[in-house]
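Subject: Structure for you to look over

Hello,

Please find the sequence and the structure below. My notes on what was found follow them.

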Amino acid sequence: MSLTNRTTVRGALVGAALLGLVATTPAYAEGSFNSYIGGWQVGGESRRWDDRNSDDVATLVGFGGCSTDSGSGFSSASLTLYKDVFGPDESQGTRTNTCNYVSWGDKATAKYYFKLTGLKYGQYLTVQDVYTQY
Ligand SMILES: [Ca+2]
């Protein structure tokens, strides 16, 4: 099996595992996307998404396959969710992701993104599978 195929399979498993965790909420979030983090430093930002608050699904970010440039490997990353507003964007709180998933609960209608605001080891973070749901 090629590296690409393994990555795809793992991404699907991470997504399925995360969906299982939120099985008590509506079956499908109004939106979700899979992405990849390739060598982010602190300050790195995700793409923006529009949450229309059309369901009760929590905003969460799941990581699978985490590494850093440090010999100590990966321990944890601090992620801060921001509401994209006119003027300084509003922090919705910081969560510590230990290569699992973190949640900010069900959010109000707005545009959001998350930012890497801390990295325990190393300067560069790579995450093979990033799953965002809102
Ligand atoms: Ca929602």
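I start with the disulfide. Cysteine 66 and cysteine 99 are joined by a disulfide, with an S to S distance of 2.0 Å. The link is right-handed, with 90° about the S-S bond. Cysteine 66 belongs to strand E3 and cysteine 99 to the loop between E5 and E6, so the disulfide ties together parts that are 33 residues apart in sequence. One disulfide is what a search of the whole structure finds. Please keep in mind throughout that this is a predicted model.

The two cysteines fall into separate burial classes. Cysteine 66 has 18% relative accessibility and counts as buried, because the limit for that class is under 20%. Cysteine 99, at 28% relative accessibility, counts as partly exposed. Its loop lies between strand E5 (90–97) and E6. The backbone at cysteine 99 also deserves a look: phi is near 70°, a positive value in a residue other than glycine.

Which side chain reaches the backbone nitrogen of cysteine 99? The side chain of asparagine 97 does, at 2.8 Å. The side chain of asparagine 97 also reaches the backbone nitrogen of asparagine 100, at 3.0 Å. Asparagine 97 is located in strand E5 and is buried, with a relative accessible area of 0%. Leaving aside neighbours within four places in sequence, asparagine 97 is in contact with Val61, Phe63, Phe74, Ser76, Ala77, Leu79 and Val102.

A positive phi also turns up at asparagine 53, where the value is near 50°, again in a residue other than glycine. Asparagine 53 sits in the loop between E2 and E3. With a relative accessible area of 32%, asparagine 53 is partly exposed.

Next, the metal site. The calcium ion has three protein donors listed: Asp55 (OD), Val57 (O) and Asp106 (OD), which lie 2.5 to 3.1 Å from the ion. Along the chain, these donors follow the spacing D-x1-V-x48-D. Valine 57 and aspartate 106 link distant parts of the chain, being 49 residues apart. Valine 57 is in the loop between strand E2 (49–51) and E3, while aspartate 106 is in the loop between strand E6 (101–105) and strand E7 (110–119).

Are these two donors buried or exposed, or something in between? Valine 57 counts as buried, at 2% relative accessibility. Aspartate 106, at 37% relative accessibility, counts as partly exposed.

Now the strands. An open sheet of four strands runs in the order E2-E7-E4-E5, with antiparallel pairing. Its edge strands are E2 and E5, each of which pairs on one side only. From one strand to the next, the twist averages 35°. At the E2 edge, E2 and E7 run antiparallel and are joined by three bridges. One register point for this pair is aspartate 50, whose bridge partner in E7 is lysine 111.

Strand E8 (residues 125–133) pairs with both E1 and E3. Strand E1 (residues 32–40) and E8 pair in the antiparallel sense over seven bridges. Within that pair, serine 35 has valine 130 of E8 as its bridge partner. Strand E3 (residues 59–68) is joined to E8 by eight bridges, and these two strands also run antiparallel. Here glycine 62 stands opposite tyrosine 131 in E8.

Why can E8 be called largely enclosed by the rest of the structure? Eight of its nine residues are buried, so the description follows from that count. In a regular strand, the side chains alternate between the two faces of the sheet.

Strand E3 is a convenient place to begin when you open the model. It holds cysteine 66 of the disulfide, and it pairs with E8. The loop between E2 and E3 holds valine 57, a donor of the calcium ion, and asparagine 53, with its positive phi.

Regards

Key. Residues are numbered from 1 along each chain as its sequence is written. This is a predicted model: local features need pLDDT of at least 70, side-chain atom pairs count only at pLDDT 80 or more; totals for chains, interfaces and linings use all residues. Side-chain values use heavy atoms; hydrogens and water are left out. Buried means under 20% relative accessible area, exposed over 50%, partly exposed in between (1.4 Å probe, protein chains only). Two strands pair if DSSP finds at least two bridges between them. Donors are N, O and S atoms within 2.8 Å of the metal (3.2 Å for Na, K and Ca); water is not among the atoms, so sites may look incomplete. A disulfide is a pair of cysteine sulfur atoms within 2.5 Å. A polar contact is a pair of N or O atoms within 3.5 Å; within protein, one must be able to donate a hydrogen and the other to accept it, and residues adjacent in sequence count only if both atoms are side-chain atoms. Contact means heavy atoms within 4.5 Å. Axes are lines fitted to C-alpha atoms, for helices over the stretch in contact, and angles run from 0 to 180 degrees between N-to-C directions.
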